[in-house]
Structures are given as structure tokens and as C-alpha cells.
Amino acid sequence: MRIGDIPHTNLATVPPSASLGDVLHLLNRKGVRHVLVVEGARVVGIISDRDIKTELALSASVELAGQVRTARQIMTPEPITIAPTAAI
């Protein structure tokens with residue numbers, strides 16, 4: 001069996017330009033703890049619920065007050081991935 005054979009529907013994805021609020025809304029709406037950041041068909045980052053909590057704590061500070069943070073700014077870049085043809 002290959003990785004690509006496993007059903008993977010209802011993935012939570014956002015573009016790098018998505019706002020922190022958009023990411024938080026998606027996490028809550030889908031009931032998931034991780035969001036993939038994608039450009040086209042390429043995964044360029046991942047955001048976890050912990051990343052969101054950290055950002056929310058930082059946004060309460062004077063340095064970030066009033067700034068709109070994007071997925072690109074808060075994601076963990078270049079997550080390790082494997083090809084869909086890889087064996088399980």
C-alpha cells in the first residue's frame with residue numbers, strides 16, 4: 001500500500017497570505033489542530049494550534065499590537081513531506 005492510497009479528504013489549507021484570523025477561524029470551523037500552508041499544489045508550511053496560541057500571546061504585546069500577521073509569518077516553513085508513491 002502507498003501513501004497516496006490513503007483517503008485524505010477535508011484537508012485544512014490556507015495560502016501564505018491568509019491572516020491569523022482566517023487561520024484561527026479555519027481551525028475552529030474544521031475542528032482540526034493543524035493547517036497546511038500551500039502555494040498551488042505545493043505545501044510550503046504548516047501551522048499548529050500551538051503556533052496560533054503563541055501568536056495570540058505575542059499580538060497582545062506592544063510590539064505587534066495592530067499588526068496583521070499572515071500565515072507566511074507564523075508558519076513552520078518547509079515541512080518534511082514524502083511522495084504519494086512512498087510505501088506505508
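In what order do the 4 strands of the open sheet stand? The answer is β1-β2-β3-β4, and the pairing among them is mixed. The legends below take you through this predicted model, one view after another.

**Figure 1. The whole chain combines 3 helices with 4 strands.** Starting at the N terminus and following the protein chain along, you meet its elements as β-α-β-β-α-α-β. Taken along the principal axes, the box filled by the C-alpha atoms is roughly 50 × 25 × 20 Å. Of the 88 residues in the protein chain, 27% are buried. Now look at contacts between residues at least 6 apart in sequence: 56% of these join residues at least 24 apart.

**Figure 2. The open sheet has β1 and β4 at its edges.** As a reminder for this view, strands of a sheet pair through backbone hydrogen bonds, and they can do so in a parallel or an antiparallel way. The order to trace here is β1-β2-β3-β4. Because β1 (13–14) and β4 (76–77) each have a single partner strand, one side of each is left without a neighbour in the sheet. Which sense of pairing joins β3 and β4? Strand β3, made of residues 42–48, pairs with β4 in the antiparallel sense, over 2 bridges. You can find one bridge by starting at Gly45, whose partner in β4 is Pro77.

**Figure 3. Helices α1 and α2 meet strands of the sheet.** Helix α1 covers residues 20–30 and lies across β1, β2 (34–39) and β3. Its direction is at about 130 degrees to β2. Helix α2, residues 49–59, packs on the sheet as well, where it touches β3 and β4. Between the directions of α2 and β3 the angle is about 65 degrees.

**Figure 4. The largest pocket has a volume of about 370 Å³.** How do we look for a space like this? Rolling a probe the size of a water molecule over the atoms shows where empty space is left. Around the largest pocket, the lining is made of 17 residues. Nearest its centre are Ile3, His8, Leu11, Leu36 and Val43. Which element gives the largest share of the lining? That is β2, with 3 residues. Sorted by character, the lining has 11 nonpolar and 6 polar residues, and no charged ones.

**Figure 5. Val43 belongs to strand β3 and is one of the residues nearest the centre of the largest pocket.** Is Val43 buried, exposed or partly exposed? With a relative accessibility of 27%, Val43 counts as partly exposed. Leaving out residues up to four places away in sequence, Val43 touches Leu36, Val37, Val38 and Pro79. Gly4 is 39 residues away from Val43 along the chain, and the C-alpha atoms of the two are separated by 15 Å.

**Figure 6. Ser19 sits in the loop between β1 and α1.** Ser19 has a relative accessible area of 18%, so this residue is buried. Its contacts, not counting residues up to four places away in sequence, are with Val68, Arg69 and Thr70.

**Figure 7. Glu78 lies in the segment after β4.** What is the phi of Glu78 near? The value is near 50 degrees, which is positive in a residue other than glycine. Glu78 has 66% relative accessibility and therefore counts as exposed.

Terms used: Residues numbered from 1 in each chain as written. Predicted model: local features only at pLDDT ≥ 70, side-chain atom pairs only at ≥ 80, totals over all residues. Heavy atoms only, no water. Pairing = 2+ DSSP bridges. Contact = heavy atoms within 4.5 Å. Axes fitted to C-alpha atoms, helices over the stretch in contact; angles between N-to-C directions. 1 Å grid on protein atoms, 1.4 Å probe; cavity = no way out; pocket = protein on both sides within 12 Å on 5 of 7 lines; lining within 4 Å. Points joined across faces, edges and corners; volume = space filled by probe spheres on them. Nonpolar A, V, L, I, M, F, W, Y, C, P; charged D, E, K, R; others polar. Buried < 20%, exposed > 50% of the residue type's maximum accessible area, 1.4 Å probe, protein only.
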